[in-house]
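Trainee: I should like to go through this structure with you, one question at a time. May we begin once it is displayed?

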Amino acid sequence: MSTPSHRPRKKSRASEVHAATSNGSIMLDATSSRERPAFPLAAFFWPTKGVPTSSWVILSSILMLTGLFRWTTGFWPYSGRARPPMHGDFEAQRHWMELTIHLPMSHWYFHDLEWWGLDYPPLTAYHSWICGQIGSLLNPDWFALYLNRGNDGHGLKVFMRATVIISEYLIYTPAAVICVRQLGRMHNINPWESSIALTALLMQPSTILIDHGHFQYNTVMLGFTLASIASLYAGRRLWSCVFFVCALGFKQMALFYAPAIAAYLAGSCVFPRLNSPRLVGIAIITLASFALLSLPLLLGTAFDTYRSLPLPATATPPPLLASLPAVLSSEKSILYPYITQLLQAVHRIFPFARGLFEDKVANIWCFVHSTGVHKLSAYSASTLSRASLLLTLASITPPCALLFLAPRPQVLASALATTAWGFFLCGFQVHEKNVLLPLLPMTLLLAGKDGMKPSVRGWVGYANVLAASTLFPLLKRDELRIPYFVLTGLWSWLLALPPTSLTVYFGSTARSGEEAELHWTSKVLHLGTYAAMIGWHVVEAFVETPEGKPDLWVVANVSIGAAGFGVCYLWCLWQSVVASRLLEGGRWETAKKKQ
Amino acid sequence: MADQFPTLAQCAVVATSLKVLLWPAYKSTDFEVHRNWLAITHSLPIDKWYFEETSEWTLDYPPFFAHFEWVLGRIARYVDAAMLQINNLEYDSWQTIHFQRATVILTELMLVYSLYAFVRSSPAATKKQAHAVALSLLLSPALLIIDHIHFQYNGFMYGVLIWSIVLARKKSTLLLSGIMFAVLLCFKHIYLYLAPAYFAFLLRTYCLGPRSVFDIKFANCIKLGVSIAAVFALAFGPFVYWEQMPQVLARLFPFSRGLCHAYWAPNVWAIYSFSDRILIYPQIPALLKLFLQPSWDNFVATLTLCGYASFLFGWHVHEKAILLVIVPFSLIALKDRRYFGAFRPLAVAGHVSLFPLLFTVQEFPAKTVYTLVWLIAFLLTFDKLVPASEKPRVFLLDRFSLLYTALAVPLMVYTSLLHHMIFGAKYEFLPLMFTSSYCAIGVVGSWLSFSVVHFTA
């Protein structure tokens with residue numbers, strides 16, 4: 001018998017050589033000089049290290065497991081559950097599904113603005129329409145017009161949670177997979193470690209908690225952004241424009257990224273030499289995407305005009321209409337209905353009339369105002385918005401200038417993060433949830449060069465843990481304290497970060513020496529912030545706020561957050577500068593040759 | 001051991017995170033059963049425990065489990081004293097849910113410890129395999145579904161069982177193994193099904209000399225007899241003293257009260273005096289083999305066969321009893337390729353058979369996705385780790401196993417989706433029937449191949 005039948009059919013070659021480039025997931029044990037996982041997340045991938053394993057098996061397992069954590073987070077309450085009269089974001093989304101499937105399109109942006117009027121861009125409205133149609137097939141009562149406001153039924157909850165996770169798996173997840181793969185290719189990182197970085201990205205606690213706990217569809221917008229970034233990595237600028245317009249068209253908050261993306265695209269048309277066809281192509285595709293995006297709304301309006309359907313009785317013309325030339329804004333103009341729709345959408349999407357910040361958010365304005373450094377209520381809204389605009393411009397100019405002057409894909413993630421931090425810290429009308437925007441590109445750094453070494457992992461982890469803790473007051477209102485502690489604790493443990501581990505700061509057995517270590521000032525700063533956050537949680541849990549200052553703890557939280565995020569802004573800016581290689585005496589051409 | 005990643009502790013951390021997130025999930029009436037037992041043991045003196053019947057879920061576990069509930073009650077009163085009132089039927093404040101769910105997670109540490117002990121006690125040559133097996137049991141979807149969603153304390157119970165099995169590995173701890181098993185029986189009497197294997201093994205290895213059956217070790221006989229009698233006396237003594245044994249036995253084995261109560265599954269442990277007589281016959285060959293070759297591997301294999309017999313031939317067996325097969329079998333599944341071949345269909349069928357326990361929409365993705373990842377991860381890992389066998393494999397069984405695994409996918413699609421689309425609410429028995437038949441084929445198939453492997457080894 002030459003080949004005995006009881007032998008295993010396939011004999012795997014146990015130690016196939018794997019790519020030499022490590023981004024820091026492996027460390028050498030000091031005593032035994034054996035390889036060890038540098039943090040627990042890498043330990044879970046250890047059985048596949050150096051063992052030929054189908055990448056489909058690994059990828060599908062990652063996606064299923066991270067999906068489980070998302071789905072089970074959804075078992076917990078959502079924002080505004082059983083909280084009349086207005087309920088919360090969950091009711092807003094349900095209401096949009098209700099109104100888009102029942103009302104004519106020209107009414108969407110005008111309908112009963114007092115009860116969660118639609119104030120997101122058209123792609124959200126179309127998405128609501130699709131979800132509403134599917135939901136009505138399952139149970140028409142869920143989206144019955146006017147009849148079901150504040151419905152807290154279990155079936156509806158399961159359906160809505162399912163729409164979030166399915167939307168995410170259709171857009172965010174594939175984009176993340178591709179983006180991490182592109183980064184791995186760009187920095188020559190072995191696929192084994194790229195899988196680890198992908199898992200870390202997908203397990204980001206803040207994103208899971210806001211989308212699957214609090215209830216929102218941020219990952220759709222973030223997913224389009226990731227797709228846009230991945231397209232830039234792949235050199236497909238036109239696709240990048242399409243995806244970015246989709247992101248903007250889903251949620252206006254993608255504007256946080258817009259200057260950086262624009263600067264990169266512009267820079268890539270100018271450096272190293274002017275490329276006008278490329279510039280024209282980008283402009284045309286961007287405009288066409290915007291047109292395509294608003295086309296359904298305009299066609300719907302045309303249909304409603306054709307059957308002479310009036311706007312709702314309560315509708316007032318959008319204030320922006322007055323600033324247009326009379327030819328366009330007169331009711332007799334043939335364009336009038338379309339212009340009204342578009343302006344109303346813009347008016348709803350950008351509520352300039354609202355305040356500088358809402359609730360308590362960890363940015364400069366709230367920090368300055370609430371901590372009593374300087375009361376901002378003395379200034380008029382226009383002064384404040386002008387100040388905010390100037391400061392934002394000042395903060396985003398350096399990263400955007402870097403991207404314009406050195407449009408290298410390696411700069412993109414950190415510069416996008418810097419720009420988004422600038423918007424978050426100095427911008428107008430920022431929500432605490434918007435912290436997800438700077439977090440995403442910053443967390444992408446984990447998948448890049450040296451991403452898992454303490455120098456980068458420490459900072460990315462710091463931003464993520466801090467961001468999650470600034471969301472705590474919001475999550476506490478939603479009764480999501482336990483998922484908050486579980487997911488944040490799990491993520492920081494998986495990446496060996498405080499509060500569960502200090503190896504990033506004191507374990508010096510990383511594989512490739514000194515430059516991977518955090519600077520001692522960073523260590524002091526991080527540990528100080530972590531200590532402050534832990535102290536804050538203890539105080540918040542056990543000590544009552546003093547009389548007459550019910551928001552004191554929240555203000556304290558926001559202040560720690562704002563300070564920490566400010567530092568994150570500076571770090572990301574520094575990372576962009578380093579990655580742009582502009583400091584290397586303008587010799588990036590030679591540097592390129594060396595590579 | 002140092003090079004085995006992920007470690008048991010690391011897996012326990014991640015699994016615990018998921019289990020905590022599952023706290024608000026669907027819970028079966030077993031949740032109320034256990035809450036009621038908390039209330040009974042906390043509020044009443046011991047001699048009233050087995051008579052209390054305000055709730056229909058009367059106490060029907062042996063005394064140690066009741067004492068265990070009493071201990072939990074001591075803590076529960078600081079969490080939410082309302083759950084400890086007997087009249088508070090169906091009480092499920094979030095404090096109650098969080099408390100009861102947390103006790104399941106914490107008592108499961110027993111399982112973590114036993115698995116650690118199992119890996120430590122394995123010979124160096126099979127440490128890698130033992131580690132993989134330990135992880136598979138710790139992360140078992142069966143335990144996730146039954147304990148952390150449906151609600152029971154199997155992780156704790158099987159922890160004690162595995163510890164007892166591990167203790168049986170060394171000559172010096174055989175007595176302790178027997179005592180632990182007696183303790184386990186006084187927690188939950190379903191483990192009586194495994195008792196024949198313990199009896200044969202301890203009799204041969206502990207009570208009789210290694211050379212000859214006639215070399216009776218009287219000192220050991222007395223030690224074992226006295227210890228086990230002491231354990232049972234501790235559990236049942238007070239009830240004997242109060243002359244309550246007929247009532248206690250009637251609760252533990254409701255068969256004696258007539259079949260009227262057997263309409264609901266847990267009453268199933270039931271019928272013991274009856275089924276015992278049936279079950280012992282198919283096991284006699286295995287017990288004889290164990291008696292003649294009393295190795296630890298043979299002992300675990302016989303435990304597995306006892307589990308199979310109880311699951312396949314027992315009267316009114318609940319699907320949860322599949323753990324009685326999966327747990328001991330896992331410990332020897334990686335012995336060689338033939339064992340693994342028999343284990344594979346069991347791993348698929350055993351877990352799929354638990355799916356009908358959870359019938360709610362929200363839990364559907366959780367149970368299927370978790371089980372799927374587990375099957376992919378562990379069947380592939382096992383496949384890489386399992387050593388080739390010295391005897392040729394049975395070709396037919398191998399093909400059967402592959403085909404069988406593949407069939408699970410269309411089955412799940414049909415039962416969860418297609419059936420509803422084709423028939424609507426009609427013929428609701430069909431999906432259940434298909435699942436049961438599918439699983440029965442798998443379990444019977446794996447039983448047959450395991451028997452072949454065991455008796456030809």
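**Interface, membrane spans and salt bridges**

Mentor: Chain B and chain A bury about 3300 Å² between them, and 73% of that area lies on carbon and sulfur atoms. Please bear in mind throughout that this is a predicted model.

Trainee: How many residues of chain B are in contact with chain A?

Mentor: Contact here means heavy atoms within 4.5 Å. On the side of chain A, 38 residues take part, and on the side of chain B the number is 37.

Trainee: How many salt bridges are counted between chain B and chain A?

Mentor: A search over all chains of the whole structure finds 18 salt bridges. Between chain B and chain A, however, the count is zero.

Trainee: Which residues make the nonpolar surface patch of about 570 Å² on chain B, and in which helix is V409(B) placed?

Mentor: The patch is made by V409(B), V413(B), L417(B), L418(B), M421(B) and I422(B). V409(B) has a relative accessibility of 53%, and because exposed means over 50%, V409(B) counts as exposed. Its place in chain B is residues 395–423, helix α18.

Trainee: What share of residues 552–574 of chain A is helix?

Mentor: An unreviewed UniProt entry lists residues 552–574 among the spans of chain A under "transmembrane region", and residues 458–475 are also listed there. In the model, the end C-alpha atoms of residues 458–475 lie 25 Å apart, with 94% helix and 0% strand. For residues 552–574 the end C-alpha atoms are 33 Å apart, strand is 0%, and the helix share is 100%.

Trainee: Which residue of chain A forms a salt bridge with R70(A), and why does the pair tie together parts separated in sequence?

Mentor: Side chains of opposite charge can pair when their charged atoms come close. Here the N to O distance is 2.5 Å, and the partner of R70(A) is E168(A). R70(A) lies in helix α2 (residues 55–73) and E168(A) in helix α5 (residues 154–170), so the pair ties together parts of chain A that are 98 residues apart in sequence.

Trainee: Are R70(A) and E168(A) buried or exposed?

Mentor: Buried means under 20% relative accessible area. R70(A) has 2%, and E168(A) has 1%. By that cut-off, R70(A) counts as buried, and E168(A) likewise counts as buried.

Trainee: What is the C-alpha to C-alpha distance between R70(A) and R161(A)?

Mentor: Leaving aside neighbours within four places in sequence, R70(A) is in contact with several residues, including I165(A), Y169(A), Y172(A), L202(A) and H212(A). R70(A) and R161(A) are 91 residues apart in sequence, while their C-alpha to C-alpha distance is 9.5 Å.

Trainee: How many residues apart in sequence are the parts tied together by D112(A) and R149(A)?

Mentor: D112(A) and R149(A) form a salt bridge whose closest N and O atoms are 3.1 Å apart. D112(A) lies in the loop between α3 and α4 of chain A and R149(A) in the loop between α4 and α5, so the pair ties together parts whose separation in sequence is 37 residues.

Trainee: Is K449(A) buried or exposed?

Mentor: K449(A) forms a salt bridge with D450(A), the closest N and O atoms being 3.8 Å apart. D450(A) is buried, with a relative accessible area of 19%. K449(A), in contrast, has a relative accessible area of 58% and is exposed.

Trainee: Which residues are linked with R94(A) in a network of salt bridges?

Mentor: The network lies in chain A and joins R94(A) to two glutamates. These partners are E91(A) and E98(A).

Conventions. Residues numbered from 1 in each chain as written. Chains lettered and ligands numbered in written order. Predicted model: local features only at pLDDT ≥ 70, side-chain atom pairs only at ≥ 80, totals over all residues. Heavy atoms only, no water. UniProt positions renumbered as here; feature names shortened; annotations may be inferred. Helix = DSSP H or I, 4+ residues; strand = E, 2+ residues; numbered from the N terminus. Patch = residues over 30% accessible without salt bridge, like charges linked within 9 Å, V, L, I, M, F, W, Y side chains within 5 Å. Areas by Shrake-Rupley, 256 points an atom, 1.4 Å probe, with all protein chains shown as cover. Salt bridge = Lys/Arg side-chain N within 4 Å of Asp/Glu carboxyl O. Buried < 20%, exposed > 50% of the residue type's maximum accessible area, 1.4 Å probe, protein only. Buried area = accessible area lost by both parts, 1.4 Å probe.
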